[in-house]
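Here are my notes for you to read alongside the structure. I have set them out as numbered points, so feel free to take them one at a time.

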Amino acid sequence: MRQINRVAVLGAGVMGATIAAHLANAGLDVLLLDMVPRELSGAEQAGGLSMASPQVRNRIATAGLEGLMKMKPAPFYLSKYAAQISCGNFDDDLSKLQDYDWIVEVVIEHLPIKLELFKKIVPHLKPGAVLTTNTSGLSVNAMAEALPAEVRRNFMVTHFFNPPRYMRLLEIVPCKESDPAVVDEMAEFISRRLGKGIVHAKDTPNFIANRIGVYAIYKGMQHMIEMGMTVEEVDVIAGSATARPKSAAFRTADLVGIDTLIHVGNNSYELLTEDEEREVFKVPAFMSKMVEAGLLGNKSKAGFYKKEQVDGKRQIFYFDYTSGTFKPAAKPKFASITAVKMVDDPAQRVKMVVEGGDKAADYAWKSLRDTLIYTVNRIPEIADDVVNVDNAMKWGFNWEIGPFEMLDAVGVAAFVKRAEKDGVVVPAVLKTVERFYRFNDAGQKEYFDLLTGEYKPFPLKPGQINLQILKKSGGLVEKNANCSLIDLGDGVFGFEFHSKMNSISGDILSMTHKAIKRAESEGVGLVIGNQGTNFSVGANLMLLAVALAEGAYEDIDMMVRAFQKATMAVKYSKVPVVAAPFGMTLGGGCEFSLHADAINAFAETYMGLVEIGVGLLPAGGGTKEMCLRSVELAQQYETDPTPYVFKHFKLIGMANVSMGAAELRGLNYMRSGDSISMDLDRLIADAKQKVLALAVNYRPGKPLGNIPAPGRSIAASIKASLWNMQMGGFVTAYEQEIGGIIADVICGGDVPTGTLISEDYLLQLERQAFLKLCGNKKTAERIQSMLKTGKPLRN
């Protein structure tokens, strides 16, 4: 296995700096280099500096590093990781490259500039060092020609997508002389240490994701103009309704930058001389005029959309390409789009929309039809197989399913029949394949190889656990509509949520006990995890809303008791239980994680106890756990629990959510022994390994008693702070009331400080407080608002 510990990044612009930040996130030592400035700045002159001063010579790289601290979303997991990066310049510091294992070039996208830089750095590379370029479309072989043979063996494209921390895709493109072993080593390292989804592309303009994604946008514009549709109408169709990101087409264009989109279009038109759809990449005249007018997208605060204050309210406007003016957003609605709003399965949404009977369905069909045909025709030009293409679009453009998965969703035969009816030429291969993905008789997933005409095993990383494949191949132990129990092997079971948004309902709570009992009687431990979009958004509010509407408070009490029993069963299982959270891990999802023996979180885990948003408190043991952690920390450091109670109260009272797993330790949601996985594909496997490690010397616990309560005096301090905030207009009287109730619970009730209480008593306080808040009319209004709009009312 190749060891990479030190990485040099050449180029400190936005892309270079953010790549450096993500390398630092991975714990690597990073050297960030850029040019020496041509002249002194005014501040440097005033400070008596000269062109020989290191501060001046490193100014551009230093500015790149300093700019990272101001960026949103944050490129660092924790700001202190910036200390992993040191700055320098191309004139003074190239000799340092001999100490670095991987050198990433990220200078301007202009071939002569890149080649000139390569000439300068080659003499300073240590034998065996890997040199890569972050080009988004320049020829890797054209660059390789300027390199010595021994360097070409270790040279390739590593194309990060922006922003590098958050975009999973990384395209690897080898040159003709790249050593396949080095390419494989880099793919493994970048996947494991940086958490990237690796796609193997070929040396063609714009590689895979940009080639297909930009074509889809340009072809979509063509159909929009032909059908007389608006930008806003297209985005209603080209977003989640058709399994693509919520930013759809034109909000994505604003995000990327309209000037950048034009550059990619022009580059494609210039270089793709043999492409049958070359004319699609011709930039529409209205887009050129937009750039001339300074309408560049988000970076200029106006593009296809802009926001303005009108009569004190924020108003969204969309660009009318027919008149060149902005018009107020009309929020168009189509029957075919409305019909799929409650459909979770992205494949089903695509099928339903294109089979609809309105204008939106017609547009969806035409735009997807042409994009899918174009994609089929790109193999083997841009990639050798459908898996790489599908992954590129899912990881690089945030499509929920890839182009070939869309063909399976619509039905390949039905697609061919309808396209031919339209008079469109269909690739011959589509008439020979039934579907692109299937499970064979042994339950193994396979993909159709367009080059051989045969099905091949779906590729998995060594040790990777894919729950879908595992269930199909005999690993399913028990299931209901919202969750499954799976045999992960080696005596470890997996408890998987698969409800809508992985919200926690009664059948998940009841299955929790079955899962634990099975692990206790037949195995060595349990992993709570899944491979959905998010770990869990919390409890199912619809069930609570129905009970509130009916005044069924006894039913609510039973719900809360069931939730508490489930989380306590997790905490006091006879075998180790490890939670594997990722993405949104909110409310009840957070509570399940807090009760596990250990947490193995994905790096991008956004965890928090957010119940106050609907006027409630965490009552699945979450408030109880934060009380216990306050007491534990006070005992550990032999100090007053007040600061810990205040901190944890704030987490609940302000519905604080981590901006990544690295923040969870500072929030006391993760503790010593918990760990973080960078690679989402390895998350379940890593959690399984943690279970096995814990199982070796596992000692089950028992519900706690003799807990010294923080007490009423600390609760009184919290309530005094809330009163001051209410007097200052920072919280409402209703929020002050909720805060006071939470304070009573997290402090252990109306008892003197140090009074010995039990864990069961804290759970009882939680239930009583939850029921009390449920009886507040404003809480019911908040819950209804959340269900209707996704946002709670502010009372």
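1. Let's begin with helix α16, which covers residues 359-376 of this predicted model. Its 18 residues reach 26 Å from the first C-alpha to the last, close to the 26 Å expected at 1.5 Å a residue. Is α16 largely enclosed or left open by the rest of the structure? It is largely enclosed, because 15 of its 18 residues are buried.

2. A helix that packs against α16 is α15, residues 346-354. The two axes cross at roughly 115° and come within 7 Å of each other. That makes α15 roughly perpendicular to α16, since angles of 65 to 115 degrees are put in that class. From the α15 side, Val 350, Val 353 and Val 354 take part, and they meet Ala 361, Ala 364, Trp 365 and Leu 368 of α16. If you sort the residues of this contact by character, seven are nonpolar, with no polar and no charged ones. It may help to recall a general point as you look at the helices: an α-helix has 3.6 residues a turn, so residues three or four places apart point the same way.

3. Next, please look at helix α17 (residues 386-396) and helix α18 (residues 403-410). Their axes are 7 Å apart and the packing angle is about 100°, so α17 and α18 are roughly perpendicular to each other. Which residues meet here? In α17 they are Val 386, Val 389, Asp 390, Met 393 and Lys 394, and in α18 they are Pro 403, Phe 404 and Glu 405. This contact divides into five nonpolar residues, three charged ones and no polar ones.

4. Glu 405 of helix α18 deserves its own point. With a relative accessible area of 17%, Glu 405 falls under the 20% limit and therefore counts as buried. Leaving out residues up to four places away in sequence, Glu 405 touches Asp 390, Lys 394 and Tyr 437. Two of the names in that list, Asp 390 and Lys 394, belong to α17.

5. Now for the nonpolar interior. The largest nonpolar core holds 119 residues, and the members that touch the most others are Ile 103, Met 224, Met 287, Phe 304, Phe 404 and Phe 436. Which helix gives the most to this core? Helix α9, residues 209-227, does so with 10 residues. There is also a second, separate core of 54 residues, and among its members are Leu 548, Leu 594, Met 607 and Leu 617.

6. Phe 304 is a good residue to click on if you want to see the surroundings of a core member. Beyond its neighbours within four places in sequence, Phe 304 is in contact with a list of residues including Phe 250, Phe 286, Phe 317, Phe 319 and Phe 326. Met 287 and Met 290 are also among these contacts, as is Asp 254.

7. Two proline bonds are worth checking. The peptide bond from Lys 72 to Pro 73 is cis, with omega near -5°, and Pro 73 lies in the loop between α4 (59-68) and β3 (85-89). Another cis peptide bond joins Asn 162 and Pro 163, where omega is about 0°. Pro 163 sits in the loop between β6 (155-160) and β7 (169-174).

8. Two residues other than glycine have a positive phi that you may like to inspect. Asn 206, in the loop between β8 (197-200) and α9, has phi of about 70°. Lys 331, in the loop between β11 (325-328) and α14 (335-338), has phi near 50°. Is each one buried or exposed? Asn 206 is buried, at 3% relative accessible area, whereas Lys 331 counts as exposed at 69%.

9. Finally, see how the chain brings Ile 4 and Ile 190 to a C-alpha separation of 9.9 Å, although they are 186 residues apart along the chain. Ile 4 is found in the segment before β1 (6-10) and is buried, with a relative accessible area of 2%. Its contacts, leaving aside neighbours within four places in sequence, are Leu 28, Asp 101, Trp 102, Met 186, Phe 189 and Arg 193.

Notes. Residues are numbered from 1 along each chain as its sequence is written. This is a predicted model: local features need pLDDT of at least 70, side-chain atom pairs count only at pLDDT 80 or more; totals for chains, interfaces and linings use all residues. Side-chain values use heavy atoms; hydrogens and water are left out. A nonpolar core is a set of buried Ala, Val, Leu, Ile, Met, Phe, Trp, Tyr and Cys residues joined through side-chain atoms within 4.5 Å. Buried means under 20% relative accessible area, exposed over 50%, partly exposed in between (1.4 Å probe, protein chains only). Helices (H or I, at least four residues) and strands (E, at least two) are DSSP runs, numbered from the N terminus. Contact means heavy atoms within 4.5 Å. Axes are lines fitted to C-alpha atoms, for helices over the stretch in contact, and angles run from 0 to 180 degrees between N-to-C directions. Angles under 35 degrees count as roughly parallel, over 145 as roughly antiparallel, 65 to 115 as roughly perpendicular and the rest as oblique. Ala, Val, Leu, Ile, Met, Phe, Trp, Tyr, Cys and Pro count as nonpolar, Asp, Glu, Lys and Arg as charged, and the others, Gly among them, as polar. The expected span of a helix is 1.5 Å times one less than its number of residues.
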